[in-house]
Amino acid sequence: MAAANSKNKIKRSVGDQIVQVLIYVFVGLFAVSTVLPFLYVVAGSFATERELTQRAFFVIPHEFSLNAYRYIINDGAIFRGLKNSLFVTIVGTLVNMAFTTTFAYPLSRKYLKGRNFFMNMVIVTMLFSGGMIPGYLLISNLGMLDSYSALIIPGAISVFNMVIVKNFFQEIPAELEEAAKIDGCSDIGIFFKIILPLSKPVLASISLFYAVGHWNDYFSAMLYIRDPNKEVVQIALRRIVLLAGGANPDGSPIDFGDLGAPPEKAVKMAATVVSTVPILVVYPFVQKYFTQGVMVGAVKG
Amino acid sequence: MAKNAQPATIGKKGSLWKQIYQQRGLYLLLLPGLIYLIVFKYFPMFGVIIAFQNFSPFLGFFKSPWVGFEQFRLFFAGNDFWVLMRNTLGISLLNLLFYFPAPIILALFLNEIKCSWYKRFAQTLVYIPHFISFVIVASLSYTLFNVNDGIIHEILQAITGKSIDILSKPKYFWGLIVGQSIWKECGYGTIVFLAALSGVDVQLYEAAKVDGAGRWRLMWHVTLPAIKSTIVIMLIMRVGSILNTGYDQIFLMRNSINVSRAEVIDTYVYMRGVSGGQYSYSTAVGLFKSIVGMIMVISADRLAKKMGESGLY
């Protein structure tokens, strides 16, 4: 498209050029608006409380302070949350990948007896669900309340991701499978030795989808985890950032625990920074896998 | 590609049982996922029978008394129903109107940008908010909009001369939710459209230009048709989830002051069921939601197929 455009550049009218400039400006402004709040929060987390109250907005603090970080290190809740979330994310993603790939592979084989039946079973779950309460009662009856398994097992397969993986497996040339079969390889052997190694890109994308989902999950933890020692980072963060002023958003008084006082502005910002950093540090390295995963999904619907 | 060629060793020979036996490895791989689906997806589906009971955890599924459609009658006859429908549909329709087209527009704009480093830079930035949690979105919103020292609050105050409490005033709640969604997901939502656009033949643009088409006509006659089927599929999914407003976001933004506009079906089910222990009533509310959702997806899919699109499944 770029080539096509350069040929016609001279012909462009003034009005058209103004539109072009406006598009650049609009896209640029939107892009900046997505990171500006983060820059402010990072700057604020290193600022003194006085500066935060006096200056409305800044990207470089006048006075540099690490007090907020000292506070959250002493408090420990955010770091405990980070540790717990890291565990849930790693184990959860492994469980997701094991269930998703083993389920997707047989469904990707067109000759599998009963394939339509199994596919219909999957489609039904996309159309209808029992809802929150039967799910909650099931988890509670299985004794999974207050256990990380409640954050990991109930979402073991995302049907959407499973279909992406299945479609990718389907694209792998059948000759490879045939050749392996002639050499006496079993279906399970083919899956592990041929299919999985050939699917690394899509597996990377999907495991990142799952990992981000686990890391950012707030609702499941709110629903299933009560034990403060098992608190994940999103819950800890919410407690620190949103519950100041002595009351929960629903008006009930809150328990500040051993700390006694409501956390202050810089502390809230520091907590936000500490819980966002793991994602933002990893993001530049994995960005291409995210786009790639969405594209694999998009091409085959 | 010999996609449809079946491996020679598994042709149509032997009885059904023999073929199943030959595929035993595949069934073994299928088993964990199948058990998962049955336990965590199908059990809860049958669990909705408690919507027709007066369920008590002590009596269990089998001994709780049956009450027929009483829970549904209570729900539809009560005042809550209209408030919930107004809020849920209000947020959903605003999302459909503003949040749905936003990534399409942004993708069209990105597509117009020919300077490749600028485009890549913008893309990298606009994807970022997708990867952060709603807890962080909520805390950024509090930081920026609060009436004490929120920077956006101060800017708005300077412009309008009034203090606008976006975080608590019920009338701003829907706008706040839709705005957050656009900020968070608009950029990432462009990927799927940009992927469809990258497949457009450059010659189509050239031919149209030779015929004298300007920027808008190119967009209308070449670019939009290229992403039409992607738009339709996305629209079906949106329409199908018309009663899903998402849990995290609304839970985090609702408070005792804006609750009159913030209570949606999902939050209501949680408050009544998990917090309030009214299991049967809230299951009935959830079942109502599931059924409406199912009808919406199926009808949207039918409609899309009638319009000549490929549909969802």
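The following dialogue considers how chain B meets chain A in a predicted model, and then how two helices of chain B are placed.

Visitor: How is the size of an interface expressed, and what area is buried between chain B and chain A?

Guide: Interface size is often stated as the accessible area lost when the parts come together. Between chain B and chain A, about 9,700 Å² is buried, with carbon and sulfur atoms giving 75% of that area. In terms of residues, 106 from chain B are in contact with 105 from chain A.

Visitor: Which residues form a salt bridge, and how many residue pairs are in polar contact across the interface?

Guide: The count between the two chains is 1 salt bridge. It joins R215(B) to D16(A), whose closest N and O atoms lie 3.0 Å apart. Across the interface, 23 residue pairs are in polar contact, both residues being at pLDDT 80 or more.

Visitor: Which helix gives the largest share of the side of chain B that touches chain A?

Guide: Helix α2 of chain B, residues 24–47, supplies 20 residues, the largest share. The side of chain B that touches chain A comprises 73 nonpolar, 21 polar and 12 charged residues.

Visitor: Within chain B, at what angle do the axes of helices α5 and α6 cross?

Guide: The axes of α5(B), residues 79–99, and α6(B), residues 101–112, cross at roughly 10° and come within 5 Å. Angles under 35 degrees count as roughly parallel, and α5(B) is therefore roughly parallel to α6(B).

Visitor: Which residues meet there?

Guide: From α5(B), L96(B), L97(B), F98(B) and Y99(B) meet P101(B), A102(B) and P103(B) of α6(B). This contact consists of 7 nonpolar residues, with no polar and no charged ones.

Note on methods: Residues numbered from 1 in each chain as written. Chains lettered and ligands numbered in written order. Predicted model: local features only at pLDDT ≥ 70, side-chain atom pairs only at ≥ 80, totals over all residues. Heavy atoms only, no water. Contact = heavy atoms within 4.5 Å. Buried area = accessible area lost by both parts, 1.4 Å probe. Salt bridge = Lys/Arg side-chain N within 4 Å of Asp/Glu carboxyl O. Polar contact = N/O pair within 3.5 Å; in protein donor to acceptor, adjacent residues only side chain to side chain. Helix = DSSP H or I, 4+ residues; strand = E, 2+ residues; numbered from the N terminus. Nonpolar A, V, L, I, M, F, W, Y, C, P; charged D, E, K, R; others polar. Axes fitted to C-alpha atoms, helices over the stretch in contact; angles between N-to-C directions. Parallel < 35°, antiparallel > 145°, perpendicular 65-115°, else oblique.
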